Amino acid sequence: MPSSTYDKPDYWSKKAFSEGYPARSVYKLQEMDDKFALIKPHFRVLDLGAAPGSWTTFVLRKLGEAGQVTAIDLSPLSTDVKGNNLSFFQGDLYAPAIRAQALKLGPYDLVICDAAPATTGNRTVDTARSSGLVELAIFYAEQMLKTGGNFVVKVFQGGGEQEHLKKMRTMFTTARGFKPEACRTESFETYLVGLKKK
Ligand SMILES: C[S@@+](CC[C@H](N)C(=O)[O-])C[C@H]1O[C@@H](n2cnc3c(N)ncnc32)[C@H](O)[C@@H]1O
């Protein structure tokens with residue numbers, strides 16, 4: 001018998017598959033979009049840590065032809081994630097050349113970051129690496145998000161959320177934590193949301 005929800009396809013994974021999304025993580029973005037009205041049809045969106053591409057697919061479906069998505073990941077997107085208005089760059093978010101590509105296609109109305117480090121199982125190591133990715137995503141948002149733009153970033157709980165929110169409150173009219181119901185119950189990930197860049 002599977003010992004945890006990580007071992008078996010659960011309700012959210014089956015739903016994602018039947019709706020044409022490569023991963024269940026799409027429902028976390030959907031919940032945040034429902035709550036914070038993040039995505040508008042004409043938007044230019046930067047998706048950091050995008051593979052296999054369910055967030056990218058969700059955004060592309062909401063944008064139609066009017067908007068643009070720039071997606072970045074170390075790994076390729078799933079082969080069926082494509083669109084005339086999608087630019088994908090495979091590489092490391094820390095690499096200056098990747099940041100330059102993202103910069104060229106900006107500025108953006110929305111920056112979303114679901115990037116997660118490869119986990120070791122050591123909570124201290126994993127949360128520290130997650131915290132580093134949050135700082136990096138905030139740096140992208142500082143450089144590339146339009147005034148009035150919104151920002152979402154994943155963080156492992158214990159990865160300095162209060163410090164990150166403190167910084168985000170200097171950049172955004174509102175900044176808060178949000179844990180979508182679609183997060184696995186045993187997961188220690190959560191999200192930070194910044195609304196209306198100053
Ligand atoms: C949870 S997955 C993202 C799922 C995605 N939002 C979706 O809905 O399909 C996390 C991703 O972060 C990426 N990642 C982690 N560190 C990265 C880095 N330094 N540069 C680029 N991508 C990174 C991983 O390769 C992985 O694909």
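**Helix pair, core and ligand shell**

Visitor: At what angle do the axes of α5 and helix α6 (residues 161-171) cross?

Guide: Helices (H or I, at least four residues) and strands (E, at least two) are DSSP runs numbered from the N terminus. Axes are lines fitted to C-alpha atoms, for helices over the stretch in contact, and angles run from 0 to 180 degrees between N-to-C directions. On that basis the axes of α5 and α6 come within 11 Å, and their crossing angle is roughly 5°.

Visitor: Is α5 roughly parallel or roughly antiparallel to α6?

Guide: Angles under 35 degrees count as roughly parallel, over 145 as roughly antiparallel, 65 to 115 as roughly perpendicular and the rest as oblique. The crossing angle therefore makes α5, relative to α6, roughly parallel.

Visitor: Which residues of α6 make the contact with α5?

Guide: Two residues are in contact if their C-beta atoms, placed from the backbone, lie within 7 Å. From α5 come Val134, Ile138 and Glu142, and from α6 come His164, Lys167, Met168 and Met171.

Visitor: What kind of model is this?

Guide: Residues are numbered from 1 along each chain as its sequence is written. Local features need pLDDT of at least 70 and side-chain atom pairs count only at pLDDT 80 or more, while totals for chains, interfaces and linings use all residues, as this is a predicted model.

Visitor: Which helix gives the most to the largest nonpolar core?

Guide: A nonpolar core is a set of buried Ala, Val, Leu, Ile, Met, Phe, Trp, Tyr and Cys residues joined through C-beta atoms within 7 Å. A residue is buried if 20 or more other C-beta atoms lie within 10 Å of its own, exposed if 12 or fewer, and partly exposed in between, with C-beta atoms placed from the backbone. The largest core has 52 residues, and Leu48, Val111, Ala137, Val152 and Val153 touch the most other members. With seven residues, the helix that gives the most to this core is α5 (residues 123-144).

Visitor: How many charged residues are in the shell around the ligand?

Guide: A residue is near the ligand if its C-beta atom, placed from the backbone, lies within 6 Å of it; Gly49, Ala51, Ser54, Leu93 and Asp114 come nearest of the 22. Ala, Val, Leu, Ile, Met, Phe, Trp, Tyr, Cys and Pro count as nonpolar, Asp, Glu, Lys and Arg as charged, and the others, Gly among them, as polar. The shell divides into 14 nonpolar, five polar and, for the charged class, three.

Visitor: What is omega for the cis peptide bond that joins Ala51 and Pro52?

Guide: Pro52 sits in the loop between β1 (44-48) and α3. Its cis bond to Ala51 has an omega of about 5°.
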